[in-house]
Amino acid sequence: MAGSSSTFVAALTVAAVATVGFLAFQASANVPADLASPPPAASPTTTKAPRDIRDLTALPARSGTGARVVYSVDDDRVWLVAEDGRPTRTFQVTPGSVDPLPGTYAVTSRSGAVTGTDGTPIEHVVRFTDVKGVSIGFSAAVDGSKPVVDPIKKTGGIRASRPDGKALWNFATIGQRVVVIR
């Protein structure tokens, strides 16, 4: 009798697993297209933000509202924007080999001084996202140097000059919005 009850339980288990597998397959085959892939970490924008062709350092239109850091991956430029929407500072940066996707982020961590992925001592590190395990953030090299970008090595550091890095450090505390545009 013990042999027949264990066979019965095994048959029920196999039937239950097969039913769950079939239902899971059926559910995945009927997922609407907008739910089929996970949402991105940020709210992406696909078009390039409009620029003032008379003043290329002017804050791009449609780059958000309120206090924020605006970073243009196409122009390699950062704007520090006050609550009233006016930029208080803008400067050129040198990106690493990995760019963040356009969207809105928040500052997640900061470090006063560390060694960059390129082996250079850096300061005023302000991180706001990661891309496939590569941390993305702003920093300044202690020796003032710009990074030599190696396309084989995945780096997410966006280097500013020391004065610009310090200004960004003072502005971009934990939770500060960072808007990445094209």
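Visitor: Leaving aside neighbours within four places in sequence, which residues is F138 in contact with?
Guide: Keep in mind that this is a predicted model. F138 belongs to an aromatic cluster with Y71, Y105 and F128. Once neighbours within four places in sequence are set aside, its contacts are V69, Y71, V78, H124, V125, V126, F128, I158, L168 and V178.

Visitor: How many residues does the largest nonpolar core have?
Guide: F138 is one of the residues with the most contacts inside that core, and so are V69, Y71, V78, F128, L168 and V178. Elements giving two or more residues to this core include strand 1 (68–72), strand 7 (134–141) and helix 2. The size of the core comes to 23 residues.

Visitor: And how many residues are in the other core, the one with V70 and W79?
Guide: That one lies apart from the largest core. Among its members are V70, W79, V179 and I181, and the total is five residues.

Visitor: Is I174 buried or exposed?
Guide: Let's place I174 first: look in the loop between helix 2 (162–171) and strand 9 (177–181). Beyond four places in sequence, I174 still touches V107, T108, S109 and R110. Its relative accessible area is 54%, and exposed means over 50%, so I174 is exposed.

Visitor: What separates the C-alpha atoms of I174 and S109?
Guide: Along the chain, these two are 65 residues apart. S109 is among the residues I174 touches. Their C-alpha atoms are separated by 6.3 Å.

Visitor: Which ring does the charged end of R110 sit over?
Guide: R110 is another residue that I174 touches. The charged end of R110 is 3.7 Å from the centre of a ring, and that ring belongs to W169.

Methods. Residues numbered from 1 in each chain as written. Predicted model: local features only at pLDDT ≥ 70, side-chain atom pairs only at ≥ 80, totals over all residues. Heavy atoms only, no water. Helix = DSSP H or I, 4+ residues; strand = E, 2+ residues; numbered from the N terminus. Buried < 20%, exposed > 50% of the residue type's maximum accessible area, 1.4 Å probe, protein only. Contact = heavy atoms within 4.5 Å. Core = buried A, V, L, I, M, F, W, Y, C linked by side-chain atoms within 4.5 Å. Phe/Tyr/Trp six-rings, centres within 6.5 Å; stacked < 30°, edge-to-face > 60°. Lys NZ or Arg CZ within 6 Å of the ring centre and 35° of its normal.
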